[in-house]
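Please look through the chain below from a few chosen places, taking its surface, its paired charges and its backbone in turn.

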Amino acid sequence: MSGSTLIIIAMASIFVLLFLVIRVKLHAFVSLLLVSLLVGVAAGMPFGDVLKSIESGMGGTLGFVAVVVGLGAMFGRMLEVSGGAERLAQTMIQKFGEDRAQWALGITGFIVAIPVFFDVGFIILVPIVYGLAKKTSKSLLYYGIPLLAGLAVTHSFIPPTPGPIAVAELIGAELGWVILFGAIAGIPAMILAGPLFGKYIAKKIDAAVPEYMKVEEKKYDHVLPSFGLITTLILIPLILILLNTVSGVILPEKSSLRAFFTFLGHPFVALTIATLLTFIFLGTRRGYTRQEVQEIATKALEPAGIIILVTGAGGIFKQVLIDSGVGDVLGKMMADSSLPPIVLAFLIATVVRVAQGSATVAMVTAAGLLSPLITTLELEGPVLGLIVIAIAAGATVFSHVNDSGFWLVNRYFGLDEKDTLKSWTVMETIIGFVGFAVVFLLGLAIT
């Protein structure tokens, strides 16, 4: 087929995907799978080859993502049931004092969302926001926006959260660079979108605890784990993964020490170590039986399964684009564009995010479309980490009524749609644009 025909097929595939997700309300996993089949057939691939591409795309992606997301989910669930998130929040507020509780909640959200899913972290910690708002007679947004900003930044930017893990695998980025650049971009994004914007918007919108929200502080069977234990457990996998990346830069290729750090810092090993430690120190050492720990870990895999399947479908979409030849033409077209890859990554993710709402779908779709460009330009190393964060930033901006996070905040803070747009949507957009600005400047410096 001609290049122009293949480009039309690629563009049509995006419109069909958005139509299926938005109008037909077909699940993202099925939508991505169906669109991948249609692309392969429309591009003239033999039926058998289409099926092989689907198998290799799913297997190649999930061989990494399923392990990492599964381990991360179990790790986060142990932190949740043990009261580790509350311990972090309580200690941070005590250290900072109530006058600086905004900063304490922003930092708490930033740390908690590394192992815990965004919505779970918010629901666990929102009673603390309610308590502070009642005590100080301030708007819920004064404390809630910093917490949300901290949770949202880490959820989008820093592995082992599912979004950046999925994108890193789809485009071949090293997780150490993603963690490093995610933190560099995420900290200023959290500050601007959290404490600073929260202070401003709280003066404009006086949100009180809704009468229908009777959230009681959770009671735990055991004394909460120590702050030092929780922070250590969260930092262990991040440090090991970063050591892997750093050793690859500073140590000789055949060094036995480098080989050791490469093994220890692989996400499989790093997260296995961290998860086993949580089973011990937050589980059996704190009075849970081995059977109870097993049940907690099994329960954690339920929400992870959806994310794993959607990511796998994104891998299928990418593989079919490549095998059909559509990817080559698409990659060359984007390479001929005057826009840098980081800007393209941000724009593609933004368009898909605004159109259909799901950040995960936006991220895997953008990564699938950009993968051929990365191959064409032979991009590697740190720049791939920057592209991951650019995609994450684009998948964060302009959250509105088609995003589940919009309605979560709307309900828990008792806001109408207009005020939710003024607060939550603006906060998400600040995070996205600040994160993109940071990686764009870093890209200029690196390249």
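**A walk through the helices**

Leu37 has its place in helix 2, and it is a useful residue from which to begin reading this predicted model. With a relative accessible area of 31%, Leu37 is partly exposed, because the partly exposed class lies between the buried limit of 20% and the exposed limit of 50%. Leu37 belongs to a nonpolar surface patch of about 380 Å², which is made by Val16, Leu34, Leu37, Leu38 and Leu51. Which helix gives the largest share of this nonpolar patch? The largest share comes from helix 2, which supplies three residues.

A patch of another kind, positive in charge, is formed on the surface by Lys138, Lys199, Lys203 and Lys204. Of these residues, Lys204 can be placed in helix 9, which covers residues 175–204. The relative accessible area of Lys204 is 57%, and Lys204 is therefore counted as exposed, the limit for that class being over 50%.

From the surface patches we turn to the paired charges. Side chains of opposite charge can pair when their charged atoms come close. In this model the count comes to five salt bridges, and several of them can be followed one by one.

In one of the pairs, Glu80 forms a salt bridge with Arg77, and the closest N and O atoms of the two are 2.9 Å apart. Glu80 and Arg77 are separated by about one helical turn, because they stand three residues apart in helix 3, which runs over residues 47–82. Is Glu80 buried or exposed? Glu80 counts as buried, with a relative accessibility of 14%, whereas its partner Arg77 counts as partly exposed at 25%.

Lys299 and Glu302 form another salt bridge, in which the closest N and O atoms are 3.6 Å apart. Lys299 and Glu302 are three residues apart in helix 13, so that about one helical turn separates them. Lys299, at 45% relative accessibility, counts as partly exposed.

The salt bridge between Glu98 and Lys135 has its closest N and O atoms 2.6 Å apart. This pair links distant parts of the chain, 37 residues apart, since Glu98 lies in the loop between helix 4 (84–96) and helix 5 (101–112), while Lys135 lies in helix 6 (residues 118–136). Glu98 is partly exposed, with a relative accessible area of 34%, and Lys135 is exposed, with a relative accessible area of 60%. Elsewhere, Arg353, Asp403 and Glu428 are linked in a network of salt bridges.

Helix 13, which spans residues 290–324, also holds Ala300. Ala300 counts as buried, because its relative accessibility is 5% and the buried class takes in values under 20%. Which residues is Ala300 in contact with, once its neighbours within four places in sequence are left aside? Ala300 is then in contact with Ala73, Met74 and Arg77, and Arg77 has already appeared as the salt-bridge partner of Glu80. Ala300 and Ile316 are 16 residues apart in sequence, and their C-alpha atoms are 25 Å apart in space.

The backbone itself deserves a last look. Most residues other than glycine have a negative phi, and most peptide bonds are trans. Against that background, the peptide bond from Pro159 to Pro160 is cis, with omega near 10 degrees, and Pro160 lies in the loop between helix 7 (140–157) and helix 8 (162–171).

Lys25, although it is not a glycine, has a positive phi of about 60 degrees. The place of Lys25 is in the loop between helix 1 (3–22) and helix 2 (28–42), and Lys25 is exposed, with a relative accessible area of 66%. Glu378 likewise is not a glycine, and it has a positive phi of about 55 degrees. Where is Glu378 placed? Glu378 is in the loop between helix 16 (359–377) and helix 17 (382–394), and with a relative accessible area of 67% Glu378 is exposed.

Note on methods
Residues numbered from 1 in each chain as written. Predicted model: local features only at pLDDT ≥ 70, side-chain atom pairs only at ≥ 80, totals over all residues. Heavy atoms only, no water. Patch = residues over 30% accessible without salt bridge, like charges linked within 9 Å, V, L, I, M, F, W, Y side chains within 5 Å. Areas by Shrake-Rupley, 256 points an atom, 1.4 Å probe, with all protein chains shown as cover. Salt bridge = Lys/Arg side-chain N within 4 Å of Asp/Glu carboxyl O. Lys, Arg positive; Asp, Glu negative; His and termini not counted. Charge placed at Lys NZ, Arg CZ, Asp CG, Glu CD. Helix = DSSP H or I, 4+ residues; strand = E, 2+ residues; numbered from the N terminus. Buried < 20%, exposed > 50% of the residue type's maximum accessible area, 1.4 Å probe, protein only. Contact = heavy atoms within 4.5 Å.
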